[in-house]
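The exercises below ask you to read a protein model step by step. Try each task with the sequence and the structure in view before you read the solution.

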Amino acid sequence: MSTLDILLADDHELVRKGIRFLLEAEPDFHVAAEAATGLETFKMAQEVKPDVVVLDLNMPDIGGLDLIT
């Protein structure tokens with residue numbers, strides 16, 4: 001199985017660090033990028049092209065639900 005590249009998107013740094021810690025404990029997961037706002041998430045998703053996005057629904061600028069539609 002190949003490594004999954006993950007984009008972590010949450011406006012709380014402590015939450016991102018905790019989720020990163022848990023995900024990177026798995027050998028097949030790689031956190032390729034992080035974002036703190038909806039706009040950053042949108043830009044990072046286009047730049048990094050992750051396999052998975054772990055997304056907070058309540059983000060500054062653009063909400064998580066708006067990002068996925």
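**Exercise 1.** Is E24 buried, partly exposed or exposed?

*Solution.* Begin with what kind of model this is: it is a predicted model, in which local features need pLDDT of at least 70 and side-chain atom pairs count only at pLDDT 80 or more, while totals for chains, interfaces and linings use all residues. Residues are numbered from 1 along each chain as its sequence is written, and side-chain values use heavy atoms, with hydrogens and water left out. Next, recall the classes: buried means under 20% relative accessible area, exposed means over 50%, and partly exposed is in between, with a 1.4 Å probe and protein chains only. The relative accessible area of E24 is 37%, so E24 is partly exposed.

**Exercise 2.** Find the salt bridge partner of E24, and then follow the network to which E24 belongs.

*Solution.* Side chains of opposite charge can pair when their charged atoms come close. The rule used here calls it a salt bridge when a side-chain nitrogen of Lys or Arg lies within 4 Å of a carboxyl oxygen of Asp or Glu, and by this rule the count comes to four.

- Step one: E24 meets R20 in a salt bridge, at 3.1 Å from N to O. Both residues lie in helix α1, four residues apart, which is about one turn of the helix. With 26% relative accessibility, R20 counts as partly exposed.
- Step two: R16 forms a salt bridge with E34, and their closest N and O atoms are 2.9 Å apart. Because R16 lies in helix α1 and E34 in strand β2, this pair ties together parts that are 18 residues apart in sequence. R16 is buried, with a relative accessible area of 11%, whereas E34, at 26%, counts as partly exposed.
- Step three: taken together, R16, R20, E24 and E34 are linked in a network of salt bridges.

**Exercise 3.** Which residue forms a salt bridge with K17?

*Solution.* The partner of K17 is E13, and the closest N and O atoms of the two are 3.4 Å apart. Since K17 and E13 are four residues apart in helix α1, about one helical turn separates them. K17 is exposed, with a relative accessible area of 51%, while E13, with 48%, is partly exposed.

**Exercise 4.** Describe the sheet, and then place the helices against it.

*Solution.* First fix the terms: helices (H or I, at least four residues) and strands (E, at least two) are DSSP runs numbered from the N terminus, and two strands pair if DSSP finds at least two bridges between them. Three strands form an open sheet in the order β2-β1-β3, with parallel pairing. Its edge strands are β2 (29-35) and β3 (52-55), each of which pairs on one side only. Strand β1 (residues 4-9) is joined to β3 by four bridges, and the bridge partner of L7 in β3 is V53.

For the helices, axes are lines fitted to C-alpha atoms, for helices over the stretch in contact (heavy atoms within 4.5 Å), and angles run from 0 to 180 degrees between N-to-C directions. Helix α1 (residues 13-24) lies across β1, β2 and β3 and runs at about 165 degrees to β2. Helix α2 (residues 38-48) also lies across β1, β2 and β3, running at about 135 degrees to β2.

**Exercise 5.** Where does I62 lie, and which residues does I62 touch, not counting those up to four places away in sequence?

*Solution.* I62 is found in the loop between β3 and α3, and at 26% relative accessibility I62 counts as partly exposed. With residues up to four places away in sequence left out, I62 touches G38, L39 and L67. I62 and F42 are 20 residues apart in sequence, and their C-alpha atoms are 8.8 Å apart in space.

**Exercise 6.** Examine the backbone angle phi of K49 and of D61.

*Solution.* Phi of K49 is near 55 degrees, a positive value in a residue other than glycine. K49 lies in the loop between α2 and β3 and, at 61% relative accessibility, counts as exposed. Phi of D61 is near 75 degrees, again a positive value in a residue other than glycine. D61 lies in the loop between β3 and α3 and, at 63%, counts as exposed.
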